[in-house]
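Dear colleague,

Please find below the structure that I am handing over to you. My notes on what was found in it follow directly after.

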Amino acid sequence: GQIVLRAGDVEAVFERENGLLAAFGRQGKNLLLRGPQLNVWRAATDNDGIKLMEQPEWKVLPRWLALGLPELRHRLDAIRLVEGEDGAPVVEVVTNAAGRKKWSDFTHVQRFSLLPGGTLSVDNEVRLGDGVSDVPRIGVSLVLPAALESLAWFGRGPWENYSDRKASTLVGRYQSTVAEQYVPYVMPQENGHKTDVRWLTLTDGKGHGVRVSGAPTIEFSASHFTAGDLFQARHTYELAPRPEVYLNLDMAQRGLGTASCGPDTLPQYCLLQPYYRFAYRLSVE
């Protein structure tokens with residue numbers, strides 16, 4: 001019922017039933033609660049559309065809701081062991097995703113290869129179906145144990161930044177915690193995103209945890225709230241932090257624009273292509 005890749009004392013365990021990476025780390029020490037799954041949704045910002053009001057047709061939020069993005073479901077299409085270019089084993093997982101039962105909306109191909117040093121290389125391809133474009137983000141989400149609270153990254157910071165809102169942030173090495181990434185907007189919404197990231201680590205009090213490296217860069221956010229938590233809440237007092245860590249790894253996220261009271265996001269900061277490819281690496285810290 002499983003496919004297991006091993007390199008030294010590091011192993012990656014995949015469940016054939018659902019195609020998920022169920023465990024990663026040194027034998028007996030799993031660093032994952034749930035492995036990477038396609039993520040194309042964000043808790044809509046006020047610029048995307050104010051969720052408590054009826055939205056004009058030109059806003060993106062009504063279109064995202066019509067696609068069912070907040071209720072995205074994943075369905076395994078195939079999981080197989082194939083041979084990589086160097087002859088090493090590669091676990092290929094093909095998943096379809098939809099929020100409106102139209103399974104051609106999103107196709108996600110993940111190819112996992114465990115390198116000799118114990119680093120898990122993950123290549124991703126995402127195809128968007130007919131009529132699907134300009135989505136909130138292209139990436140994956142993972143769930144990590146609560147103990148991995150300490151955060152460090154080499155990328156833009158120290159505060160949140162986005163593709164069209166990052167001039168005030170400098171590329172550098174930053175340290176923080178997952179809890180400190182939360183930005184308490186009066187109307188809960190997407191927050192804490194980071195761009196142009198070379199690597200990030202999430203570790204426990206002893207410095208043990210996971211490292212994510214971009215190939216060459218990646219975007220990320222780490223939170224104690226899910227996008228669903230943020231989108232359903234109408235005010236900050238309705239939110240209760242979850243113990244586990246919700247890690248979003250993005251190739252890109254739609255820019256913010258100024259459409260709450262001005263123009264929408266400029267085209268160069270929108271995700272308008274039907275096909276995306278990106279990669280990252282996971283390793284034991």
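**Glu92 and its partners**

The side chain of Glu92 is in polar contact with the side chain of Arg80, at 2.7 Å. Please bear in mind throughout that this is a predicted model. A second polar contact, of 2.9 Å, joins the side chain of Glu92 to that of Arg111. Glu92 itself belongs to strand β6.

Both pairs also qualify as salt bridges. Between Glu92 and Arg80 the N to O distance is 2.7 Å. This pair links distant parts of the chain, with Glu92 in strand β6 and Arg80 in strand β5, twelve residues apart. For Glu92 and Arg111, the closest N and O atoms of the salt bridge are 2.9 Å apart. Here too distant parts of the chain are linked, since Arg111 lies in strand β7 and is 19 residues from Glu92 in strand β6.

Is Glu92 buried or exposed? The relative accessibility of Glu92 is 10%, and because buried means under 20%, Glu92 counts as buried. Its two arginine partners fall into the intermediate class: Arg80 is partly exposed, with a relative accessible area of 38%, and Arg111 is partly exposed at 25%.

**Other salt bridges**

How many salt bridges does the count come to? The total is 16. One of them is formed by Asp250 and Arg137, whose closest N and O atoms are 2.8 Å apart. Asp250 is in strand β14 and Arg137 in strand β9, so this pair ties together parts of the chain that are 113 residues apart in sequence. Both partners are buried: Asp250 has a relative accessible area of 0%, and Arg137 has a relative accessibility of 1%. In addition, Arg63, Asp134, Arg254 and Asp264 are joined into one network by salt bridges that share partners.

**Cysteines**

The structure holds zero disulfides. Cys261 is in no disulfide, and the nearest cysteine sulfur, that of Cys270, is 17 Å away. A disulfide requires two cysteine sulfur atoms within 2.5 Å, which is why a separation of 17 Å does not qualify. Cys261 counts as exposed, at 76% relative accessibility. Cys270 is likewise in no disulfide, the nearest cysteine sulfur being that of Cys261. With a relative accessibility of 14%, Cys270 counts as buried.

**The largest pocket**

The largest pocket holds about 610 Å³ of space. It is lined by 31 residues, and the closest to its centre are Asn39, Trp41, Thr226, Ala227 and Gly228.

Which elements each supply at least two residues of this lining? They are the strands β4 (34–39), β5 (73–83), β9 (137–144), β13 (209–223) and β14 (245–253), together with the helix α2 (227–232). Of these, α2 gives the most to the lining, with five residues. By class, the lining of the largest pocket divides into 13 nonpolar, 13 polar and five charged residues.

The salt bridge described above between Asp250 and Arg137 involves strands β14 and β9, and both of these strands are among the elements that supply at least two residues of the lining of the largest pocket.

**The second largest pocket**

The second largest pocket has a volume of about 370 Å³. Its lining comprises 18 residues, and those that lie nearest its centre are Gly84, Glu85, Val90, Ser113 and Asp123. At least two lining residues come from each of β5, β6 (89–98), β7 (106–114), β8 (120–128) and β15 (275–284). The lining of the second largest pocket has seven nonpolar, three polar and eight charged residues.

The strands that carry the Glu92 salt bridges recur here. Strands β6 and β5 hold Glu92 and Arg80, strand β7 holds Arg111, and β5, β6 and β7 each supply at least two residues of the lining of the second largest pocket. Strand β5 also supplies at least two residues of the lining of the largest pocket.

With kind regards

Conventions. Residues are numbered from 1 along each chain as its sequence is written. This is a predicted model: local features need pLDDT of at least 70, side-chain atom pairs count only at pLDDT 80 or more; totals for chains, interfaces and linings use all residues. Side-chain values use heavy atoms; hydrogens and water are left out. On a 1 Å grid over the protein atoms alone, a cavity is a set of points where a 1.4 Å probe fits but cannot get out, and a pocket is an open set with protein on both sides within 12 Å along at least five of seven lines; lining residues have an atom within 4 Å of a point. Grid points are joined across faces, edges and corners, and a volume is the space filled by probe spheres set on the points. Helices (H or I, at least four residues) and strands (E, at least two) are DSSP runs, numbered from the N terminus. Ala, Val, Leu, Ile, Met, Phe, Trp, Tyr, Cys and Pro count as nonpolar, Asp, Glu, Lys and Arg as charged, and the others, Gly among them, as polar. A salt bridge is a side-chain nitrogen of Lys or Arg within 4 Å of a carboxyl oxygen of Asp or Glu. Buried means under 20% relative accessible area, exposed over 50%, partly exposed in between (1.4 Å probe, protein chains only). A polar contact is a pair of N or O atoms within 3.5 Å; within protein, one must be able to donate a hydrogen and the other to accept it, and residues adjacent in sequence count only if both atoms are side-chain atoms.
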